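Colleague: Before I set anything up with this model, I would like to go through its packing with you, one question at a time. Could you begin with the aromatic side chains?

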Amino acid sequence: MVMVDRTSQEDRCKAGLLQSSSVVRIQDRQPSNTGVGGWKGEGEENEKGRKVRMEGKKRGEAKRARESSSGQRISAIGQDIGVRIPRPLGNGPSRFIPEKEILQVSKVDARTQSIFEEAFSLGHLDNISVVMGFHPQYLESFLRTQHYLLQMDGPLSLHYRHYIGIMAAARHQCSYLVNLHVNDFLQVGGDPKWLNGLEGAPQKLQALGELNKILAHRPWLLTKTHIESLLKAEENSWSLAELIHAVVLLTHYHSLASFTFGCGITPDIHTEGGHTFRPPSLSGYCVCDIANGNGALEELLGNQQVAEVSGEVEVLMERMKQLQECRDEEEASQEEMTTRFEREKTESMLVSTAEDDECMPSRDVSRHFEDPSYGYQDFSRRGEHVPTFRVQDYSWEDHGFSLVNRLYPDVGQLLDEKFQIAYNLTYNTMATHQGVDTSMLRRAIWNYIHCMFGIRYDDYDYGEINELLDRSFKVYIKTMVCSPEKTTKRMYESFWRQFQHSEKVHVNLLLMEARMQAELLYALRAITRYMT
């Protein structure tokens, strides 16, 4: 999230707002040329002084080796100037991805580095953006869209926008996003009393709670009656333009919560749970290293896992080749295509999400929404039927895009660009293989997510999904999309074990955007039905 922060460097330092090691590295101060030994006469170097400086330099290098993390270096500087400076908890912006891999991206990719610098110049570069830096083309579109939704001219006031972000993120217990927007809400002049609970917010925002709940968990239940109740309220009614803005914000942050949990994003250093004032371990090693996947033991275990699943990529590539050949030879009838969709939709309901553990939110998060027990898992356990939404009857391209653009100018274009980039993004690679056409796999992932929401593409053979997506991958997808707060590192590691972390982040971008579009389709269809 891009935030404008006009505080001075000194003020930010005193407030403990220095960035984590993944964003800013404060350089060690260099010894002065007029240090011990000084300079002799008319520029001739004092030999004794030179030796002393060399010894000092060696000691300094040894010290820097011992204090390799920037958190330790910042702490040392803080002690020198008498300022108490926090250091990040854990290593890096993700609990799932080693920090060194994330940092390497910004070093070797000039475009990523440029985007990071621009975002930071505006005041803040969060850990979500750092992880998205694996894919700079997408990140650029994401930041542009989010900045427009939160900062540029629009139907809703700035504090309303951030409060809606809090409501949406809280639905999935995403304290990371809640804390970010609590800070932003206060920065733009929001009333602190609203943060005591949804009941303290204006009635107009409270009325949005039902829409928030249904969109997050069961969007297929949304009807024009829900829309009418907001637009025709006797008091505190919403305008159509305001409602479109709110719907886009809700779907944006529901899906962003999925990405946050799916990538194991850690709290930013300046937010709650993101820092500590305790000194680092003297051994330079801590339990959080193993938890974050940054320790030598984790690397050793990871290498062993890769060896155990050797050939996984080749098997998947062979299946893609065979499916393409079957496509060329014969095409299934419409009746068979319908049967395959219904079968896949039913099976997707039976896929468990993280062993279906109950995950009750804390009071800090649940106060921002109502009915915490309401969720996707409820309907699957009762075996409720999800009605089929035919894209041929209502699609983003032919219907949703124009509606959004008409009521909230330019946003339809921004969203469309973001959807297209996520869907079409490819480097023509799979793990170590080059020159691979991944379009079939990307389409299977996108359509499987929409299938879970009852959305059907008449021209797609849903039999391909079972051929390309194994059960562990389906469990990960369903958990991240439907109950992201249950996503675990074990689940992240259990699918595509030979693939790069950048490829898994790409998968998470697909999941996030497919989910957002699915929610938008149901909301915009309901608004269209109300208007007609």
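Modeller: Gladly; the structure holds 22 aromatic pairs, and please keep in mind throughout that this is a predicted model.

Colleague: How are the rings of Trp496 and Phe499 arranged, stacked or edge-to-face?

Modeller: A pair of aromatic rings is described by the distance of the centres and the angle of the planes. For Trp496 and Phe499 the centres lie 4.3 Å apart and the planes make an angle of 20°. Since planes under 30 degrees apart count as stacked, the arrangement of Trp496 and Phe499 is stacked.

Colleague: Are Trp496 and Phe499 buried or exposed, and which residues form the aromatic cluster?

Modeller: The cut-off for a buried residue is a relative accessible area under 20%. Trp496, at 7%, is therefore buried, and Phe499, at 10%, is buried as well. The residues that form one aromatic cluster are Phe96, Phe473, Tyr476, Tyr492, Phe495, Trp496 and Phe499.

Colleague: Tyr476 also appears in a helix contact, that of α13 with α24; how are α13 and α24 oriented to each other?

Modeller: The axes of α13 and helix α24, which covers residues 471–482, are 8 Å apart and meet at an angle of about 130°. The contact is made by Ser258, Phe259 and Gly262 on the side of α13 and by Tyr476, Met480 and Val481 on the side of α24, and by class these divide into four nonpolar, two polar and no charged residues. An angle between 115 and 145 degrees falls outside the parallel, antiparallel and perpendicular ranges, so α13 and α24 are oblique to each other.

Colleague: Which residues does Ser258 touch, leaving out those up to four places away in sequence?

Modeller: Ser258 is found in helix α13 and, with a relative accessible area of 1%, is buried. Two residues of α24 that take part in the contact with α13 are Met480 and Val481, and both are among the residues that Ser258 touches. The full list for Ser258 is Met480, Val481, Pro484 and Arg515.

Colleague: What separates the C-alpha atoms of Thr266 and Ser94?

Modeller: Thr266 lies in the loop between α13 and β2, and with a relative accessible area of 6% this residue is buried. Beyond its sequence neighbours up to four places away, Thr266 touches Gly92, Pro93, Ser94, Arg95, Asn127 and Tyr176. Although Thr266 and Ser94 are 172 residues apart along the chain, the separation of their C-alpha atoms is 5.3 Å.

Colleague: How are α7 and α8 oriented to each other?

Modeller: Helix α7, residues 136–151, and helix α8, residues 158–171, have their axes 8 Å apart and pack at an angle of about 120°. Tyr148, Leu149, Leu150 and Gln151 of α7 meet Leu158, Arg161 and His162 of α8, a contact with four nonpolar, two polar and one charged residues. Given that angle, the orientation of α7 and α8 is oblique.

Colleague: How many of the 31 residues of α26 are buried?

Modeller: Helix α26, which runs over residues 501–531, reaches 45 Å from its first C-alpha to its last, close to the 45 Å expected at 1.5 Å a residue. This helix is largely enclosed by the rest of the structure, because its count of buried residues is 26 of the 31.

Colleague: Which elements do the buried residues of α21 pack against?

Modeller: With 14 residues, α21 reaches 20 Å from its first C-alpha to its last, close to the 20 Å expected. Its buried residues include Val411, Leu414, Leu415 and Phe419, and also Asp416 and Lys418. The buried residues of α21 pack against α7, α13, α20, α22 and α26.

Colleague: What is the value of phi at Asp410 and at Asn428?

Modeller: Most residues other than glycine have a negative phi, and most peptide bonds are trans. Asp410 is in the loop between α20 and α21 and counts as partly exposed at 46% relative accessibility, while Asn428 is in the loop between α21 and β4 and counts as partly exposed at 36%. Phi is positive at each of them, near 80° for Asp410 and about 55° for Asn428.

Definitions and conventions:
Residues numbered from 1 in each chain as written. Predicted model: local features only at pLDDT ≥ 70, side-chain atom pairs only at ≥ 80, totals over all residues. Heavy atoms only, no water. Axes fitted to C-alpha atoms, helices over the stretch in contact; angles between N-to-C directions. Helix = DSSP H or I, 4+ residues; strand = E, 2+ residues; numbered from the N terminus. Parallel < 35°, antiparallel > 145°, perpendicular 65-115°, else oblique. Contact = heavy atoms within 4.5 Å. Nonpolar A, V, L, I, M, F, W, Y, C, P; charged D, E, K, R; others polar. Expected span 1.5 Å × (residues − 1). Buried < 20%, exposed > 50% of the residue type's maximum accessible area, 1.4 Å probe, protein only. Phe/Tyr/Trp six-rings, centres within 6.5 Å; stacked < 30°, edge-to-face > 60°.
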